[in-house]
Amino acid sequence: MLKKISALNKPLKGEITIPSDKSISHRAVMFSSIAEGECVVRNFSSGADCHSTLNLFKQLGVNIHFLDDKTLKIISDGSLKPTDPNISTYNCGNSGTTMRLVSGILAGQNFNSALIGDESLSKRPMKRVIEPLKLMGADITSVDGHAPLTIKGQPLKGITHPSKLASAQVKSCILLAGLNAEGETTFIEPYVSRDHTERLFKYLGANIKVDGTKVTVKPSQLIARDIDIVGDISSAAFFIVAGLIVKDSDFVIKNVGINPTRSGILDIIDRMGGGVSIINQKEVSGELCADLRVEYNDSLKGCIIEGSDIPRLIDELPVIAVLASQANGDTVVKNAEDLRNKESDRIKCLVEELSKIGVDIEETPDGFIVHGKKSLKGNAKLECYHDHRLAMSFYIAGLICQNEIGINGFEWTKISFPEFENLISILN
Ligand code: S3P
């Protein structure tokens, strides 16, 4: 679907509530499915990725049903029993989080399974989970490190795994395998990545210890508890950037998760000169949450984003590039080479497409450099390469372009954020 966007030419005002966090929604279903007991999960994501996880656990025999469009009831005795022994292939759709985390759960079961995904997911690297799982005793075959993954359930043993990558998906996969392995499992990462798994494991009673970048889990049975899911800061990021760059905007985004391992974008905005204030902070099911007031800022300045910043804002980098185009001076993003392994090669695609509308942006091996501040001419058709975050980032850029832009493949926004356009219309 080709989406056309023209300059807004008026400020964004009012109040919106940001929908459910995708990372926490996946984990809420996965962990409640292997927990013993009944629970209610409130504010579940309506994105297609989280529905891939939901359908997969239904096929794995877990009793899951909707009480309303965002509320789930999950009943489990803690074990997985595939509903149809002839169906052992589970479809993860476009979702890397589903495939990588679920492989950690399936590796230690007493049945065999296979995980498949769509064309984009089938190109994404899976060695990062296969290799450590094999060290735990898992029997997994892949197509040269890519899906389909064929998993023969095996008893697993704990390992200590120093990871080269700061990846919450790899960490969560290994910790999930560790719940069901003999002995202790320790995962050490170079920088702290999002810690939703650690928080939810604690909340559900797992034996887990966190010491900086080192997390250790001992075999544990999770115990079901009701879970309320906070709003997604990665979805809020599109609105935050829109508010900072669309002249005279001033609005409130309610119910945003501000877990410190996810809120790197807020620190970067402070570094660039500010414009977002945090109000009404509270804790919800082990996660921090707040309302954010966003105000237009005409005097943002470029900054360096690197090292431990990266895992705390990895999914926000495409829209941060749009923000950087409206900041004075250079914004340099380094150490973000894993952006090339997302739903698209987000470095190459971002640079190619944003350049078409007048963003002065250069590709580097591990990131990009944006030279600001430039007025954007628009007048181009952009490809989103089946990547939901690129599609929404381009839409935000379109709000300040002098001429109309088109975004090809805009329907991919449904992967994470079907409510996106409706929320934009509420603010203008
Ligand atoms: C996620 C972790 C990140 C992120 C992805 C969701 C998660 O991936 O990009 O959108 O829910 O654990 P990596 O772990 O590959 O960095």
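Student: What makes Ile227 the bridge partner of Val41 part of a strand pairing?

Tutor: In this predicted model, Val41 has Ile227 in strand 16 as its bridge partner. Strands count as paired if there are at least two bridges between them. Strand 3 (residues 36-42) and strand 16 are joined by two bridges, so the cut-off of at least two is met. The two strands run parallel.

Student: Why is one side of strand 4 and of strand 16 left without a neighbour in the sheet?

Tutor: The sheet is open, with four strands in the order 4-5-3-16 and mixed pairing. Strand 4 (63-68) and strand 16 (227-228) stand at the edges and have a single partner strand each, so one side of each lacks a neighbour in the sheet.

Student: Which strands does helix 1 touch, and what angle does it make with strand 5?

Tutor: Helix 1 (residues 22-33) packs on the sheet and touches strand 3, strand 4, strand 5 (71-77) and strand 16. Touching here requires heavy atoms within 4.5 Å. The direction of helix 1 makes about 30° with that of strand 5. Helix 2 (residues 48-59) also packs on the sheet, touching strand 4 and strand 5, and its direction makes about 135° with that of strand 4.

Student: Why is helix 6 called mostly covered?

Tutor: A residue is buried under 20% relative accessible area. In helix 6 (residues 196-203), six of the eight residues are buried. These are His196, Thr197, Glu198, Leu200, Phe201 and Tyr203. They pack against helix 1, helix 5 (168-179), strand 14 (207-211), strand 15 (214-218), strand 16 and strand 19 (287-295). Just after helix 6, Gly205 has a positive phi of about 85°.

Student: Why is helix 11 described as largely enclosed?

Tutor: Eleven of the eleven residues of helix 11 (residues 388-398) are buried, so the rest of the structure largely encloses this helix. Among them are His388, Arg389, Phe394 and Tyr395.

Student: What makes the pair of Asp387 and Arg389 at the start of helix 11 a polar contact?

Tutor: The cut-off for a pair of N or O atoms is 3.5 Å. A side-chain oxygen of Asp387 comes to within 3.0 Å of the backbone nitrogen of Arg389, so the pair meets that cut-off.

Student: How do you know that strand 23 is largely enclosed?

Tutor: Six of the six residues of strand 23 (residues 367-372) are buried, so the strand is largely enclosed by the rest of the structure. Gly367, Ile369 and His371 point one way, Phe368, Val370 and Gly372 the other way, and all are buried.

Student: What makes strand 21 and strand 22 partners of strand 23?

Tutor: The requirement is at least two bridges. Strand 21 (residues 329-333) pairs with strand 23 over five bridges in the antiparallel sense, with Thr331 opposite Val370. Strand 22 (residues 361-364) is joined to strand 23 by four bridges, also antiparallel, with Glu362 opposite Ile369. Both counts therefore meet the cut-off. A hairpin through two residues connects strand 22 to strand 23.

Student: Which polar contacts does the ligand make with Ser23, Ser167 and Gln169?

Tutor: An oxygen atom of the ligand lies 2.7 Å from a side-chain N or O atom of Ser23. For Ser167, a polar side-chain atom is 2.7 Å from a ligand oxygen. For Gln169, a polar backbone atom is 2.9 Å from a ligand oxygen. The ligand alone exposes 380 Å², of which the protein buries 93%. The surrounding residues include Arg27, Thr97, Arg100 and Lys342.

Conventions
Residues are numbered from 1 along each chain as its sequence is written. This is a predicted model: local features need pLDDT of at least 70, side-chain atom pairs count only at pLDDT 80 or more; totals for chains, interfaces and linings use all residues. Side-chain values use heavy atoms; hydrogens and water are left out. Axes are lines fitted to C-alpha atoms, for helices over the stretch in contact, and angles run from 0 to 180 degrees between N-to-C directions. Buried means under 20% relative accessible area, exposed over 50%, partly exposed in between (1.4 Å probe, protein chains only). A residue is near a molecule or strand if one of its heavy atoms lies within 4 Å of it. A polar contact is a pair of N or O atoms within 3.5 Å; within protein, one must be able to donate a hydrogen and the other to accept it, and residues adjacent in sequence count only if both atoms are side-chain atoms. Accessible areas come from the Shrake-Rupley method with a 1.4 Å probe; for residues, only the protein chains shown count as cover.
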